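Visitor: I'd like a close look at one single spot here, plus the chains around it. Could you walk me through it in one go?

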Amino acid sequence: MPQTHDLNLDAAFAALADSTRRAILARLATGEATVMELAEPFAMTQPAISQHLKVLESAGLVVSRIEGAKRPRRISEDGLAAMDEWLAMLRTALESNYDRLDKVLASMKQPAIRRGKKK
Amino acid sequence: MSKLTLLTEGETHIVVTRRFQAPPEAVYRAHTDPKIIPQWLLGPEGWTMPVCINEARPGGKIRYEWTNGQGRGFYLTGEYLELEPGRRTVHVERMHLPDATPDNHVETRFEKDGTGTLMTMRMTLPDAQTRAAMLATGMEHGMEASYVRLEGMS
């Protein structure tokens with residue numbers, strides 16, 4: 001087992017345990033943004049967003065660069081990978097809904113066919 | 001085998017398609033009958049839907065409440081705008097986490113596809129940020145997406 005990789009993943013998942021941080025990460029996946037730009041859609045103060053960014057940065061999911069007085073943030077390779085993991089998990093939840101629905105539909109079929117015969 | 005497709009369209013849409021081995025009328029019923037919905041619309045393993053209200057008529061109310069049986073839960077409310085029985089529904093919905101998320105406008109089509117059904121669910125969010133936030137929040141009736149990678153990489 002690659003121990004260091006597991007540790008990274010733990011930090012990543014801890015960072016992703018918060019829905020605001022996931023939303024920030026999802027926003028950064030579509031392009032660079034400043035704290036001000038990030039704060040806007042979340043109805044949160046800039047210090048609150050900065051706090052979330054700090055968690056994401058120390059987990060290695062988000063990186064920043066300096067551009068004059070600004071510090072635009074972007075998602076890192078690890079951030080993209082973590083987001084993929086997260087979305088794969090959610091996709092699995094969605095798939096399992098529809099897999100369940102397949103079974104429900106199969107059990108509905110019996111009466112539907114009987115009724116359908118008179119067409 | 002993955003029969004699910006999930007794509008973003010423009011700035012604010014999410015389009016989900018899925019094929020089913022049952023006629024459109026049956027798939028439509030499974031999406032609108034409050035006795036059937038709690039059997040499948042559950043998200044991750046271990047969650048249940050103890051409250052399911054689905055009034056399938058224009059202006060009819062939707063309310064789904066989920067719980068994980070360990071004190072965690074949330075709910076969704078909505079209203080139907082249009083219905084073509086067996087073929088199409090249009091409704092708005094929002095999650096309560098507990099704060100209400102912005103309205104998601106959802107058009108669902110059930111089309112005959114050979115002996116089965118092609119379901120196409122087209123969601124419209126108020127803006128791109130809301131779409132990103134919704135997908136990242138998770139549990140939008142298990143409706144979350146892999147779009148971030150698709151768009152983020154482009």
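**A close look at one loop residue**

Guide: Read from one end of the sequence to the other, chain A runs α-α-α-α-β-β-α. That gives chain A 5 helices and 2 strands, where helices (H or I, at least four residues) and strands (E, at least two) are DSSP runs numbered from the N terminus. Before going on: this is a predicted model, so local features need pLDDT of at least 70 and side-chain atom pairs count only at pLDDT 80 or more, while totals for chains, interfaces and linings use all residues. Residues are numbered from 1 along each chain as its sequence is written, and chains are lettered from A and ligands numbered from 1 in the order in which they are written.

Now to chain B, which has 3 helices and 8 strands, in the order β-β-α-β-β-β-β-β-β-α-α. Your spot is Q70(B), sitting in the loop that links β4 (61-67) to β5 (73-84) of chain B. Q70(B) counts as exposed because just 7 other C-beta atoms lie within 10 Å; the cut-offs are 12 or fewer for exposed, 20 or more for buried, and partly exposed in between, with C-beta atoms placed from the backbone. Between Q70(B) and G46(B) there are 9.8 Å, C-alpha to C-alpha, with the two 24 residues apart in sequence.

For the wider setting, 37% of the 154 residues in chain B are buried; in chain A, buried residues are 27% of 119.
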